[in-house]
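Open your viewer and get ready to make a few selections. We will take the cysteines in turn and then step back to the whole chain.

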Amino acid sequence: MAAGPGPRLGLALLLPLLLPLPLAAARAGAGDARQEAAVRALARRLLGPRAAAVALSVEAALAAGGPDTYQLRSPPGAAVAVAVRASSGVAAAAGLYRYLRDFCGCHLSWSGAQLRLPDPLPRLRAEIRASAPGRYRYYQNACTQSYSYAWWDWARWEREIDWMALSGINLAPAFVGQEVAWQRVYRSLGLNQSEIDAYFTGPAFLAWNRMGNLHGWAGPLPPAWHLKQLYLQYRIVERMRSLGMITVLPAFAGHVPQGVLRVFPRVNATRLGGWSHFDCTYSCTYLLDPEDPMFQVIGTLFLKELVKEFGTDHIYSADTFNEMTPLSSDPAYLSRVSNAVFRSMTGADPEALWLMQGWLFQHQPDFWQPAQVRALLRGVPLGRMIVLDLFAESKPVYQWTESFYGQPFIWCMLHNFGGNHGLFGTVEAINHGPFVARSFPNSTMVGTGLVPEGIEQNDMVYELMNELGWRHEPLDLPSWVTRYAERRYGAPNAAAASAWRLLLRSVYNCTGVCVNHNRSPLVRRPSLRMDTELWYNASDVYEAWRLLLSAGAELGSSPTFRYDLVDVTRQAAQQLVSDYYLSIRRAFQSHALPELLTAGGVLVYDLLPELDSLLSSHSLFLLGRWLESARAVATSDREAEQYELNARNQVTLWGPSGNILDYANKQLGGLVLDYYGVRWSLFVSALVESLNSGTPFHQDQFNQAVFQVERGFVYNKKRYPAVPAGDTLEISRKLFLKYYPSALRRSRAGPA
């Protein structure tokens, strides 16, 4: 082979050949006829009788062994407006959505659908062909299973899988119901039920039990939970595969319950340290030594059990060191661990391919130096692992690891932490990042991915990322977002389009290292040292709010418009909370009691109640929706109480004593008034008392007092409505008239 760039180019060209064994099987998925039937059924669910005017066909041979492809054309005759030919069910669904989006002006998102079809359906002047630039469009984060999917029934899963297919997603985890298989394995090894019950967490925290971070917290899992999840998983994997999606099943990462040490007293297992402010009561998981024979026994047993139950597409997920420091930084040890995990996969499935989250490398960069990263990755044969470059829009890892030292990777947009609400995006980074990564020297990139910790927020960012998954060059973002607004609301509107262009250049264009974790004073425990910094100009959001309200007369009947009006008003209110907090702090520090009482009174008695009533006017911003969905899974009153406690704890204390307090904060009707509002009331009262009595304000004393309020909310058993009340437009307009003029003045004046 020639010197210079030759070998580097060679690896990039060889990459598709490095992956043939499992991928050939994985890509085949369901047969053409099965996928064709599945995508036609999807079209009927989406379009009803109008689906008759769309012809959908699947021919795997169209891809010629390469990435997914689709063709759109209008055949002669009036019966069929558009014919979609594609290499898979997913590609056919993506082609159908392309037609609906670009030619019918339609839109589909988590917050609603706009499917007002022209009559007759438009015909295409010329044939359109599209091929994906990479093999994969991946979706889901290990945490999404708990932050978003914890309480889903089949109807909600069916809608999500339809959205996935229409978005062109062809690779996704199917993690539901795995505890059934684990329970069988543990029982077969000799553990008793009480040992198993002490290991599994409650449903809202299973994501971190599966990654070895937690055990026991908010558990145990009732028998009925296992049964319902098992039957849900059957339907999920069947539907995903019928559409040609590749399902990723969980595998053994090395973590074991304490009961394993009782049954096998000579097993070589070491206790890891505590995770994220949890002590060893609920953390400090046991990790098997990679050389211990039981590593292979347990790993292979579990995977065989799982494959027997659900079949396989030969791709498996395992994360051994998620936010946990390995026992040794010795490269040889790290290679042994990854090799042991991989061998436990191939022991059950010789075609296994390991999909691993690359979060650990950027989360603990001091530990994961190049030698350690290389050792972990190269403990697995080249091409038998796919790494998710999980936070590539802000902290790409491929750039400092020579493209993951030859292992294939997927460029992922993480975007959201904890399922927080808050307008946010890094649109320039995602519009260019995947293309830069693809042209990186010796790039081993095999696709793009969406990996938010929580969903049902910031629809625009996900629509953009899904579209980029099929593109070969960046988009013109201002013109794209103008069309987005028109499709989303079903009609052109100059004010709405202007609002979206403002949002695009401000909240949605965070540059540099951006972490979308909502730290607004609104959703954080009050203190005198709160962060109020923004990455954008606050006045842009106030102006977008004004523009959207002005479009209300024309667009007010659109469900997606009403959702966006709530969301933008909520963002404006969040900014206002920061302003009032700064006034409160300033008044307290200058001992100005009247000003403190005024600012504190407005915040506690007007702004927060008004925000709560706004959120309560929309079904997707209701605390009751989250809590009632948890209760709906239960088969007894006792289970309903346990599940509701899980749901309440996750969005507030996140642990028994506020271990990860407010990490998964949400802005929901009911939560703002009875949780955040009560905290703020206590804080303002404590500051007033401090000024009145001349005694200093002590944060730790306040923290102890406010913890009782927070804990009280988790256990108060108050039922919250799951049905909205009030008129969104009226409430938003009332807030606007009351707060907009002074808000604009303050934002233009800048921070005091």
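Are Cys 510 and Cys 514 buried or exposed? Select the pair: both Cys 510 and Cys 514 are buried, where buried means under 20% relative accessible area, exposed over 50% and partly exposed in between (1.4 Å probe, protein chains only). A word on what is on screen: this is a predicted model, in which local features need pLDDT of at least 70 and side-chain atom pairs count only at pLDDT 80 or more, while totals for chains, interfaces and linings use all residues. Residues are numbered from 1 along each chain as its sequence is written, and side-chain values use heavy atoms, leaving out hydrogens and water.

**Stop one: the pair you have selected**

Show the sulfur atoms. Cys 510 and Cys 514 are joined by a disulfide, S to S 2.1 Å; the term is used for a pair of cysteine sulfur atoms within 2.5 Å. Set a dihedral about the S-S bond and you will get -90 degrees, a left-handed link.

**Stop two: Cys 104 and Cys 106**

Now select Cys 104, which is in no disulfide; its nearest cysteine sulfur belongs to Cys 106, 5.3 Å away. Seen from Cys 106, the closest cysteine sulfur is that of Cys 104, and 5.3 Å is too far for a bond. Cys 104 is buried at a relative accessible area of 7%, and Cys 106 is buried at 0%.

**Stop three: Cys 280 and Cys 284**

Move to Cys 280 and Cys 284, whose sulfur atoms lie 2.0 Å apart in a disulfide. This link is also left-handed, with -75 degrees about the S-S bond. Colour by accessibility here: Cys 280 is partly exposed at 37%, whereas Cys 284 is buried at 3%. That brings the count to two disulfides, in the pattern 1-2, 3-4 when bonded cysteines are counted along the chain.

**Stop four: the whole chain**

Clear the selection and switch to cartoon. You will find 29 helices and 17 strands, taken as DSSP runs (H or I, at least four residues, for helices; E, at least two, for strands) numbered from the N terminus. Rotate the C-alpha trace and its principal axes span about 75 × 75 × 60 Å. Buried residues make up 63% of the 752 residues.

Finally, try a contact map, with contact meaning heavy atoms within 4.5 Å. Among contacts between residues at least 6 apart in sequence, 77% join residues at least 24 apart.
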